[in-house]
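Student: I have a chain to study and would like to go through it step by step. Can we take it by question and answer?

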Amino acid sequence: MTTSTLPRVLTIAGSDSGGGAGIQADLKTFTSIGTYGTSYRESTLAHLNSLAQQLDSVLADIGTDAIKTGMLFNAAMINVVVAKIQEFNLTKFVLDPVMIATSGDRLLAEDAVAAITDQLLPLALVVTPNIPEALVLCKALQKGYSGVIETLEDMHAAARVLHAAGVKNVLIKGGHLPLSQPPRVAEGVQSVMIAPNVKRDNGEHVKYCVDVLFTGDELIEFWKEYVPTKNTHGTGCTLSAAIAAHLASGKSVVQSVQEGLLFVTNAISTSLSIGAGHGPLNHVYSIVPTKPAMTKETFIQHLKDSCKTDWDEYINHEFVRGLADGSLNPESFKHYIRQDYIYLLHYARAYALAAFKSNRFEDIVAASGVALHIAQESQLHVKYCESWGISLEELERTKEATANLSYTRYFLEKGLSGDLLDLYIAMAPCLIGYGEIGLKLANDPNTKREGNLYWEWISNYGKEDFQSAVALGEDLLFRLYTEMVPSSNANRLQELCDVFRQATILEVKFWDS
């Protein structure tokens, strides 16, 4: 993609003159995600020639990188769409099988269901039925199917039935099945929490909606807090459009689904009370003035600058100054290294959690490797403590200080309730801060070297191997940020800054203790 082009997405769907659903919602979604949208409005049988001609014109002239379909009223219209998908070899096809209204009423002609199952489903890269639609498809595709969808396990089973029938990637939407249980860990299932960038109060008794994606290789549950609002008009249209837009942008199916769900979650969290009935989503929540693209250096500096006072207090803390000039009370340092032994245990747990939450083998291996390295480092820490007269038995008897507990549970909780980026951002002040402190003190001519009890500690954090680890950690943070956060999403960036600031404050309290 160059600066003069955008990924192209075509929608073929119904029209909603209220602007909240259909092609109107699709085009708003395409624009908000940074793609160029084209469209055809579903019409009547008399306009089939018009449909074929307009699709020929758009596809031959503008082309498309992805396509989504919404409500296609009858088999004749579906036949035309199928022919054009095949003629123009449109492989990134998202099918939203709009068949049943929220009220339960059937929206399509009887012959349309058979045409969808027989002709459209085999062509689709991703299919996005809600629970009633998934039941209709299962019954149409599997003779004698008598299943129900009343639990998460039922959603898993239905997704497997549809995949076995030839559907490449099945996303069953769980909005009809809000759950009271919190996110869980289940064997053979990956659980991902979709956290909106714009926080809102969802009530004292939070419920969850879970969407289930089955790719044939992976079974993923995407958990979101249920938003108690009537303004959900056009949710299904918006989701399929968002997935198509991300596919057009070159993202994988799993990435596109996760980004699409995040877009919808944010749009619902900021939904609009327009009109007397069910209001629309806020499709333009993320549109902000264009800013210069971030680099790794500007991203890391932005995190620090977002909490400048707290960051300065952290890296220039009285404890740090005492290390530099050797004036720190040895008993304070002994307390610190005893607590640091406990901290290393939870730090290793956090990287094990990062491995669990990672979606790529290289990230799993990297996070697991760090956890292993921390375990090995803990043995060096034991020897270092012995040089201060602290035995392993004494370390293991040490009670965890309140500041230590608060800090470690904070980043672990962020890892459990948020996504992978939340977890790494919550741990970032430790890695980045110790790297900055070690480098500054090791290279400052005013730092006391001869006769300084703490020079060994200082030099360890100033050495090249630790500074290289800091650089690798910053690379990872920036890569995850660029992959997971659209450049226009200032709300998500601010949320990450808030996490970074809170972790920095907890680092200060760790020094204080």
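Student: How many bridges join β1 to strand β2, and in which sense do they run?

Tutor: Keep in mind that this is a predicted model. Strand β1 covers residues 8-13, and strand β2 covers residues 36-41. One bridge pairs R8 with Y36 in β2. In total, the bridges that join the two strands number six, and the strands run parallel.

Student: Why is strand β1 described as largely enclosed by the rest of the structure?

Tutor: A residue counts as buried when its relative accessible area is under 20%. Strand β1 has six residues, so the description depends on how many of them are buried, and that number is five.

Student: Which strand pairs with β7 in the parallel sense, and over how many bridges?

Tutor: Strand β7 spans residues 190-193. V192 has F222 as its bridge partner, and M193 has W223. Both of these partners are in β9. The parallel partner of β7 is therefore β9, as DSSP must find at least two bridges for a pair, and here the bridges number four.

Student: Are the faces of β7 covered or open, and which residues show it?

Tutor: One side of β7 carries Q190 and V192, which are buried. The other side carries S191 and M193, and these are buried too. Both faces are thus covered, as shown by Q190, V192, S191 and M193.

Student: In which sense do β8 and β9 pair, and over how many bridges?

Tutor: Strand β8 takes in residues 208-214, and β9 takes in residues 219-225. V210 stands opposite W223 in β9. The sense of this pairing is antiparallel, and the number of bridges is seven.

Student: Which residue in the hairpin of β8 and β9 takes a positive phi?

Tutor: The hairpin has four residues between the strands. One residue of the hairpin has a phi near 100 degrees, and that residue is G216.

Student: How many residues of β9 are buried?

Tutor: Strand β9 pairs with β7 in the parallel sense and with β8 in the antiparallel sense. It is mostly covered: of its seven residues, the number buried is six.

Student: How many aromatic pairs does the structure hold, and what is the angle between the planes of Y336 and F510?

Tutor: The structure holds 29 aromatic pairs. Y336 and F510 form one of them, with 6.1 Å from centre to centre. Planes over 60 degrees apart count as edge-to-face. This pair is edge-to-face, and the angle is 85 degrees.

Student: How many residues apart are Y336 and F510?

Tutor: Y336 is in helix α12, residues 330-357, and F510 is in helix α19, residues 490-512. Y336 is buried at 3% relative accessibility, and F510 is buried at 6%. The pair links distant parts of the chain, with a separation of 174 residues.

Student: What is the distance between the ring centres of Y434 and Y461?

Tutor: These two rings also form an edge-to-face pair, with 70 degrees between the planes. Y434 lies in helix α16 and Y461 in helix α17, 27 residues apart. Both residues are buried. From centre to centre the distance is 5.2 Å.

Student: Is N89 buried or exposed?

Tutor: N89 is in the loop between α3 and β4. It has a positive phi of about 50 degrees, although it is not a glycine. Exposed means a relative accessible area over 50%. The value for N89 is 58%, so N89 counts as exposed.

Student: How far apart in space are S50 and S252?

Tutor: S50 is in helix α2, residues 48-61. It is partly exposed, with a relative accessible area of 23%. In sequence, S50 and S252 are 202 residues apart. In space, C-alpha to C-alpha, they are apart by 33 Å.

Student: What share of the residues in the whole chain is buried?

Tutor: The chain has 19 helices and nine strands. Its C-alpha atoms fill a box of roughly 95 × 50 × 40 Å along the principal axes. Of the 513 residues in the chain, the buried share is 54%.

Conventions
Residues numbered from 1 in each chain as written. Predicted model: local features only at pLDDT ≥ 70, side-chain atom pairs only at ≥ 80, totals over all residues. Heavy atoms only, no water. Phe/Tyr/Trp six-rings, centres within 6.5 Å; stacked < 30°, edge-to-face > 60°. Buried < 20%, exposed > 50% of the residue type's maximum accessible area, 1.4 Å probe, protein only.
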